[in-house]
Amino acid sequence: MATRKQRAPVQYVQLDGLVVLKLIKHCQEEGAGGTDLVQGVLLGLVVDNRLEITNCFPFPRHSEDQEDFNEVQYQMEMMRNLRHVNIDHLHVGWYQSTYFGTFINRPLIDSQYNYQDSIEESVVLIYDPLKTTQGFLSVKAYRLTPAMMKFHSENDFTTENITKHGMTFDKMFEEIPVVTKNSHLVNSLLCNLEEKDKEADKFNFLDLATSSMLQKNLRQLMECVDATTMDINKYLNCQRQIMRQQQAKQQYLQKRQQDNAMRAQRGEPPLPEEDLNKLFKPLQSPPRLDCLLYSGQIDNYCQQISSFSTQSLGKLFMAESLQNDGQSN
Amino acid sequence: MSRFFKAGSDSESETESSEDDEIIQQRPSAAPVQSRTFQFSDDEDDSRRIVRSAKDKRFDEMTNIIQQMKNHKQIKDMANVLNDFEALIKAADKAKKVIQEEGVPRFFIRCLFDLEEYANECWEDKEWRKSISKNNSKSFTSLRQKLKKYIREKYEKEVNDYKENPDHGDDDKRDETPAPQDEESEDEVDTPVKAPVKPKLPAPPVIKKQLPKSMDDDDDDDDDIDWDSSDDSVESDIDDEQFDTGKLTAEYFLKKSDSGTSKKEKKRKEPKQMKLEETDEEGDWEEVKGGAPLIMERPKMFGKDQEINVDAVLKKLYEITSARGKKGTDRNEQIELLKELREIAETNNLGLGIDVKLYFNIIGAIFDYNPNTLTSMRNDVWESCLSYLQTLLNILIDHPEVNVGEHIKEDDENLTEAPLYVRGCFLTLVEKMDEEFTKMLQSCDAHSTEYVERLQDERQVCDILEKTLRYLEIKGTTLEISRIYLKRIEHLYYKFDTSCVYTGDNEPKKEGTSEQTMDKLCKFLYTSETPDRLRTRAILCHIYHHALHNRWFQARDLMLMSHLQDNIGHSDIPTQLLYNRTLVQLGLCAFRQGNIRDAHNALVDIQSSNRAKELLAQGLLPNRQNERTPEQEKIEKRRLFPYHMHINLELLECVYLVSAMLLEIPFMAAHEMDVRRRMISKNFHHVMKMSERQTLIGPPESMREHVVAASKSMKTGDWKACKNFIINDKMNAKVWDLFFQPDKVRDMITVKIQEESLRTYLFTYSNVYDTLSLHTLAEMFELDMSVVHRIISKMIINEELMASLAEPTQTVIMHRTEPSRLQSLALQLSDKFLTLVENNERILEVKQGIYPFQNKRDRNDRQPGTSAAFQHHTQGEGYGPPTSKSVTNNQHWNRRNNKNYSRESRNY
């Protein structure tokens, strides 16, 4: 462990084909078509500046009647068994499926923090099943930035601390490029398979129906914006309260000074000092982490929408020209 | 139990048995016995004083007290008796030493015994107990307790011994001496008192005698009685003493007391007669041995010889009624007394005035009968009450020369001569009766035969009301007429009269329908000088009646003209409840007439709170937040309407939900894209949501499920399914058949469902069509072409549907101007961002304390920047500072597109 920590941080993630397939399979079987979230453990090894993820296994979905289920023990057991069959058994992160890119939230941050705290190189893979069905395999690897790690470790999400750390929504995560690598045998198999593939299956990424996707994205975005607005309102109220308190404090102090001045004229001793904090209890400003996360999420949605629309536009132009071609012929 | 067994039993059982005995002998005569004790002790003083001074001094003191006590006992002044008793105990304490030496003095024990007897006797005399003043009764109870305790603690044995055999304990001369002197001394005592008392009573004492329990001045009466009896008792004493001279055995006492009791009874009944037949009675006394329970017979009203005239009867009446409302008055007996008095008056032919007066009093007493205002009358009492009311009413109607009224003062009453004036308000009695009737209905189970039986009295009640009404129309003041009119109205308005509903226009109007009656009564109330409350109630009842008989426009106009909605909150709760009922009935009427929106508006307030039952006063709902106090619950229970006046709540809810469905489903379809979804009916949404939450939705069972299922099929424009859910056997049985002419209502609902389904269909699926044939639509919804044309035209005019009608081809051409879902979403999003930005800026303002963007131009400049992307996206061209309402955006947008379209079509 000690040697690993000194190494340069991971530059890219090398994903084994097996992991991708297992991920997709898990999501397909248990994720109810992408709406339910599925999670699992990634196994692999750090080699030089890359993180090789060579295997994974899902967290079992335990129903409510198995409350005594011990997840940690299950993981250990699983890893031990994998080790017996000579598979990489080092824990290097975890994966999670997502629904329209909704993943930036508190639980993810917390668990990723825990992972990175104990296993420094661990990453979280975010897999989007809906995009995959449209023909774009979407697996992204994320890590918390060192700044975020430090920020989170202080567990103080006030405005002051945010400014101190210079935290912004885009500085929370760093995306690490993902490379999929297959063994030569698999590659040759794929070449074989490609020949047998039907034409139609190859081009499902040319799907022209955009509105439903965009609609859903917009709805999600709206929800997020609403949440942010609420959060901002909360913050605003808090600000106002603080302002009011400040004013009251000022008035109090002025009055105090005047009183003391009067007393001094009359030759009386000044009034005893009182603890201002007792009179005006400092107001708790609301934690800003949620707001940060919402902003991050909004950012994420926006990126998603723009990339989607770019692709769609391209497709539409292509389709148009194709249609014109067909008509002119 | 009998005293013959007493000797063998131990002391404890003896006390018990003695008590029992005392209870059995209900009225041991107090006077003679007491006088005896008093006598001998008194007499003994003189003889004793010379011989033994120390002992005598003490005993003298005690005898003095005893003497005083005797006096007080006779006038039943309990407070003083108590004082005397306490003094006696003190004296006995003082004399302890002497007593220890000499043994307990016989006279003392006798006094205790007598006092106990006396107390028990008084205790038995419940009427007396109830009639005495509070102070007196308090002293009496404490006396009784103290006495019991004292005897039990100290002299139990002696008293018992004494009771058993007074002679064995002490063969002192004292006991023997007083006996012969008894009569003399009694006379001595009696006469002086007697003399002043008798002249004091101006009225013949006999009259008063049967009311010995009425208040303080009764003391005189009591004295009177006693004095009367004294003659007899003297003689009886003599008789007794003849066979056991001086020996005061228990038998002696008991017999005596018995005889005393019976004597008193007899004497009460026929005092004069008794005097004549004394000898006979003496024989009777012997027979009534052993203290057999004596049933108190009611005393006669008047003495035999007394002349029964108006004054005497009035006096009597006054006496009886003065006991009214007092604690100890037996209300049942009061009624009986009054009835008897009336009979006497009748047999003596005292005239109508007295008769009427007595009737008033009897009915009043009957209403008084129930002390608890919450419980209802007993059936028999109620029936008698009704019959009395009828009789009185008939008398009043038959004899117009009798004037009754509250305004007639007691002194102005004229009960004998031709224009008779009697105080009393018949109307009040009628109102009271009506109240009682409601109470009786409230108190019985609405589903029992008892309820039906009681309800049958409704006819009688109405009859009385009707007669009273006619009577008062002649004799009453305007206010009285108004009151009785209102009562009549209140018994009329909720009854459905089939003859009132017009089946066709050409049918001649029938005479004497309830409509005309209502009209007449209410119009009188509107025009005459009546208190607002009566008028309000009359209006409400009138509206209710109109609504009940499908006269929607009259009902609505009356409701609107009366402006009741504005100020009903200021009126009393029963009127508010009536208002609720009326409103609901109005809603139901509107529904029957096909005015769905009006029906919904009328019912929404009642239904939205889920407390319809409570608002209509048809039952109490368990109050979850704050428990009612029992009083509150009682009050609320009293307000409930009797079952036969209830409005069917399921019908009400169904009508509400169906009208909400007919309004809400097309509305939802039209406004699917709105940012802020307004709801027409929250309750309907709630019901829908509840059904959505269910995991498994089976075929509908309840009324609510039917409506929900119907709404769901209406959403997709499937009117047939919708109709089948609303109108089927189950729903018919549950709801629709409850209406008058249910087929008409069903037809109306079917048509409404077809029309609204068509609207919903157009809203939901217009974006899939370019053109739509009117023929197809008419076929699909089985409506006439003209109806379809009408509906679509209206939608176009209201800008609900962006389309135009092509007359030659009979088609609807869609303009496709509605923003697509994506576009409207984008619009919504831009709004949201706007608010977000505004909020953000406000934070900045707070932070900096200065307001850099405060002036308006800045804001205008900036805003397009923030949401420009979206606006340009949707509007194509930037214009003006955008408003934050997407609706307006939409409209601009639509209008512009319309123009484009029309331009295009022209080109085309």
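**Exercise 1.** How many bridges join β4(B) to strand β5 (residues 811-814) of chain B, and do the two run parallel or antiparallel?

*Solution.* The model is predicted: local features need pLDDT of at least 70, side-chain atom pairs count only at pLDDT 80 or more, and totals for chains, interfaces and linings use all residues. Residues are numbered from 1 along each chain as its sequence is written, chains are lettered from A and ligands numbered from 1 in the order in which they are written, and side-chain values use heavy atoms, with hydrogens and water left out.

Step 1. Strands (E, at least two residues) and helices (H or I, at least four residues) are DSSP runs, numbered from the N terminus. Two strands pair if DSSP finds at least two bridges between them.

Step 2. β4(B) and β5(B) are joined by four bridges and run antiparallel. Within this pair, B:Met814 of β5(B) stands opposite B:Ala803.

**Exercise 2.** Place these strands in their sheet and add the helices that lie on the sheet.

*Solution.* Step 1. The open sheet has three strands in the order β3-β5-β4 (chain B), with antiparallel pairing. β3 (771-773) and β4 (803-806) of chain B are at the edges; each has a single partner strand, so one side of each has no neighbour in the sheet. From one strand to the next, the twist averages 25°.

Step 2. Axes are lines fitted to C-alpha atoms, for helices over the stretch in contact, and angles run from 0 to 180 degrees between N-to-C directions. Contact means heavy atoms within 4.5 Å. Helix α38 (residues 774-781) of chain B touches β3, β4 and β5 of chain B, at about 60° to β3(B). Helix α39 (residues 785-797) of chain B lies across β4 and β5 of chain B, at about 140° to β4(B).

**Exercise 3.** Describe the interface of chain B and chain A.

*Solution.* Step 1. Chain B gives 16 residues to the contact and chain A gives 18 residues.

Step 2. Buried area is the accessible area (1.4 Å probe) that two parts lose on being put together, summed over both. The two chains bury about 1,700 Å² between them, 78% of it on carbon and sulfur atoms. In chain B, the most area is lost by B:Leu822, B:Leu825 and B:Val846, together 32% of what that side buries.

Step 3. A salt bridge is a side-chain nitrogen of Lys or Arg within 4 Å of a carboxyl oxygen of Asp or Glu. The interface has one by this rule: the side chains of B:Lys832 and A:Asp226 meet at 2.9 Å, N to O.
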